[in-house]
Amino acid sequence: MRAADSTVYDAAIVGAGPGGLTAAMYCARAGLRCVIVEMLSPGGQLAQTEHLENYPGFNQSTSGYELSEIMSDQATSFGAEVVYDQVVSVDFEACPKVLRLTEGLMLAKTVIVASGARPAKLGVPGEEEFAGAGVSYCATCDGNFFKGKDVCVVGGGDTAAADAIYLSRICDTVTVFVRRDVLRATAIYNTKLRELDNVRIVWNTIVESIEGDDGAVVGVSVRNVQTGETAKVPVSACFIAVGTVPNTEFLDGALELGQTGRIVTNSVGETSVPGVYAVGDVRMKSLYQVTTAVADGANAAEDAAEYLIQHE
Ligand code: NAP
């Protein structure tokens, strides 16, 4: 229970994904008393990534989960504290700034919002009903339940492509439904996907509903957006990878958001409120990668340290 805890942290970091953990490491090394508030375990979306090919210094043998653990250990080894709780609301007008947790309050002179993003919903019939019974947003978490089965992936971005590649090693067949006639995913994924014998890409096609029987997914109904042709495709699971939604609900208008619902910042991560920063997938920027999240974390932490010098 943190209520009545009078500690005023130099920096409170909301979220322990790569951006938050890097911010914590930089804050701690700069001599700031800092704390990370994390709901679950460290890593965020990174922890659910099979392998990172594009994080310098790490190769296919390091999983996203392992890298998350390393980042977390590194941050805490320099003195960053961790509190496992959820931030439910904030008061950034107060001095010090206030984070309301499910168990009490946390006070801090600066705040770094690193709350990341979660998978977007497709919004079709059957999606809610069969969530956890064949509808999944995490191939690395749920893929093994469908060993040797026919499954589908919805989406054409990096996540969909990585999911399809991962599932191709576990499942009998993987059908990827892409709503346009091109993938948004990086070129290397395009090449890899096309090389896999058990992966079929169905272009210009959207999933209109997910069907189930006896509490489990048995297929999807799809429609070709160019011809209007419809079909029912039997699958045991539908992995949805149609983008992400930023985790900003707890801010409730405290920070300026852009059109995409992500937090507006300057190049060092400063938000519309002085002393409050945003890093990683929750902020508006052009490239959403682990590399850019860690860079965001470093920039924001350094600027927060400078802010404290100027305001104390
Ligand atoms: P994304 O890049 O936004 O791609 C979303 C995909 O879903 C697009 O193909 C989009 O189609 C499609 N889509 C959106 N709504 C749809 C709908 N209602 N029905 C059917 N398809 C729909 O999202 P993401 O793949 O989750 O990636 C998010 C960010 O993380 C990206 O910046 C990505 O580069 C990054 N990421 C990187 C890696 C990596 O580097 N290894 C891995 C995973 C993610 P349109 O193209 O037509 O919009």
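This passage describes the ligand site, a pocket, a cavity, the strand pairing and two backbone features of a predicted model.

The ligand is surrounded by 16 residues, of which Asn54, Asp158, Thr159, Arg180 and Arg184 come nearest. Divided by class, this shell contains five nonpolar, seven polar and four charged residues. Oxygen atoms of the ligand take part in contacts with both side chains and backbone. An N or O atom in the side chain of Arg184 is 2.6 Å from a ligand oxygen, and for the side chain of Thr159 the corresponding distance is 2.7 Å. At Gly156 the partner is a polar backbone atom, which is 2.9 Å from an oxygen atom of the ligand. The ligand taken alone exposes 910 Å², and 76% of that area is buried by the protein.

The second largest pocket has a volume of about 170 Å³. Its lining is made up of Leu21, Thr22, Met25, Tyr55, Phe58, Leu67, Ile70, Met71, Gln74 and Val294. Two helices, H1 (18-29) and H2 (64-77), each supply at least two of these residues. The largest share comes from H2, with four residues. In this lining eight residues are nonpolar and two are polar, while no charged residue is present.

The model also contains one cavity of 30 Å³ or more. The volume of the largest cavity is about 40 Å³, and its lining consists of Ala16, Leu21, Ile36, Glu38, Pro42, Ser72, Val82 and Tyr84. Strand E2 (34-38) and strand E3 (81-84) are the elements that give two or more residues to this lining. By class, the cavity lining divides into six nonpolar residues, one polar residue and one charged residue. Leu21 appears in the lining of the largest cavity and also in that of the second largest pocket.

Strand pairing was examined next. Strands E4 (residues 87-91) and E5 (residues 97-101) run antiparallel and are joined by four bridges. Within this pair, Ser89 stands opposite Arg100 of E5. The two strands, E4 and E5, form a hairpin, with five residues between them. Pro96 is found in the loop between E4 and E5, and the peptide bond that joins Cys95 to Pro96 is cis, with omega about 0 degrees.

A separate description applies to an open sheet of five strands, in which the order is E8-E15-E9-E10-E11 and the pairing is parallel. Strand E8 (135-136) and strand E11 (199-202) are the edge strands, each pairing on one side only. Inside the sheet, strand E9 (residues 150-154) and strand E15 (residues 237-240) run parallel and are joined by four bridges. Val151 has Ala237 in E15 as its bridge partner. In a regular strand, side chains alternate between the two faces of the sheet.

A further backbone feature occurs at Asp214, where phi is near 55 degrees, a positive value in a residue other than glycine. Asp214 lies in the loop between strand E12 (205-213) and strand E13 (216-224). As background to these two backbone features, most residues other than glycine have a negative phi, and most peptide bonds are trans. The positive phi of Asp214 and the cis bond between Cys95 and Pro96 are therefore exceptions to what holds for most residues and most peptide bonds.

Terms used:
Residues are numbered from 1 along each chain as its sequence is written. This is a predicted model: local features need pLDDT of at least 70, side-chain atom pairs count only at pLDDT 80 or more; totals for chains, interfaces and linings use all residues. Side-chain values use heavy atoms; hydrogens and water are left out. A residue is near a molecule or strand if one of its heavy atoms lies within 4 Å of it. A polar contact is a pair of N or O atoms within 3.5 Å; within protein, one must be able to donate a hydrogen and the other to accept it, and residues adjacent in sequence count only if both atoms are side-chain atoms. Accessible areas come from the Shrake-Rupley method with a 1.4 Å probe; for residues, only the protein chains shown count as cover. Ala, Val, Leu, Ile, Met, Phe, Trp, Tyr, Cys and Pro count as nonpolar, Asp, Glu, Lys and Arg as charged, and the others, Gly among them, as polar. On a 1 Å grid over the protein atoms alone, a cavity is a set of points where a 1.4 Å probe fits but cannot get out, and a pocket is an open set with protein on both sides within 12 Å along at least five of seven lines; lining residues have an atom within 4 Å of a point. Grid points are joined across faces, edges and corners, and a volume is the space filled by probe spheres set on the points. Two strands pair if DSSP finds at least two bridges between them.
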